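Biologist: I'd like to learn how to read a model like this one. Could you walk me through it, feature by feature?

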Amino acid sequence: MMTFDPEGLSRTQCEGDACVACHKKWPRPRIRIGRLPDNRALFACPECADALLPESQTNVHPFPRRVAFF
């Protein structure tokens, strides 16, 4: 997990209410992208998470199984 320096982040980014990369607040970012030195979690929107995380760590879809609809 990446550790970010809070110096360059806004208050809303540090609180997890805005994307750590693009500042987008709505919809609220849900992908955990890293942490601050005090272990608070930082989040990113799906588009930014794809750019910041290696592909194997990106978990955009909450369900690990595929579902068939009839």
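Biologist: Let me start in the middle: which residues does I33 touch, not counting residues up to four places away in sequence?

Modeller: Some ground rules before that. This is a predicted model, where local features need pLDDT of at least 70 and side-chain atom pairs count only at pLDDT 80 or more, while totals for chains, interfaces and linings use all residues. Residues are numbered from 1 along each chain as its sequence is written, and side-chain values use heavy atoms, with hydrogens and water left out. Contact means heavy atoms within 4.5 Å. On that basis I33 touches M1, M2, F4, V20, L42, F43, A44, A49, L52 and L53, leaving aside residues up to four places away in sequence.

Biologist: And which residues touch the most other members in the largest nonpolar core?

Modeller: The general idea is that nonpolar side chains tend to be buried together in soluble globular proteins. A nonpolar core here is a set of buried Ala, Val, Leu, Ile, Met, Phe, Trp, Tyr and Cys residues joined through side-chain atoms within 4.5 Å. Buried means under 20% relative accessible area, exposed over 50%, and partly exposed in between (1.4 Å probe, protein chains only). The largest core has 13 residues, and L9, V20, I33, L42 and A44 touch the most other members. At least two residues of this core come from each of strand 2, strand 3 and helix 2. Helices (H or I, at least four residues) and strands (E, at least two) are DSSP runs, numbered from the N terminus.

Biologist: In what order do the strands form the sheet?

Modeller: Strands of a sheet pair through backbone hydrogen bonds, either parallel or antiparallel. Two strands count as paired if DSSP finds at least two bridges between them. Here 3 strands make an open sheet in the order 1-2-3, with mixed pairing. Strand 1 (2-3) and strand 3 (41-44) are at the edges with a single partner strand each, so one side of each has no neighbour in the sheet. Strand 2 and strand 3 run antiparallel over 4 bridges; G34, for instance, has L42 in strand 3 as its bridge partner.

Biologist: Is Q13 buried or exposed?

Modeller: Q13, in helix 1, counts as buried because its relative accessibility is 1%. For its polar contacts, look for N or O atoms within 3.5 Å; within protein, one must be able to donate a hydrogen and the other to accept it, and residues adjacent in sequence count only if both atoms are side-chain atoms. A polar atom of the Q13 side chain lies 2.8 Å from the backbone nitrogen of S10, and that side chain also reaches the backbone oxygen of V20 at 3.0 Å.

Biologist: How many salt bridges does the structure hold?

Modeller: A salt bridge needs a side-chain nitrogen of Lys or Arg within 4 Å of a carboxyl oxygen of Asp or Glu. The structure holds 4. One of them joins R28 to D17, with the closest N and O atoms 3.0 Å apart. These partners are 11 residues apart, in the loop between helix 1 (11-14) and strand 2 (31-35). Another joins K24 to E47 at 3.6 Å, linking that loop to helix 2 (residues 46-52) across 23 residues.

Biologist: Why is C22 in no disulfide with C19?

Modeller: A disulfide is a pair of cysteine sulfur atoms within 2.5 Å. The C22 sulfur is 3.7 Å from its closest cysteine sulfur, in C19, so they are too far apart for a bond. C48 is in no disulfide either, with the sulfur of C45 3.5 Å away. The count comes to 0 disulfides.
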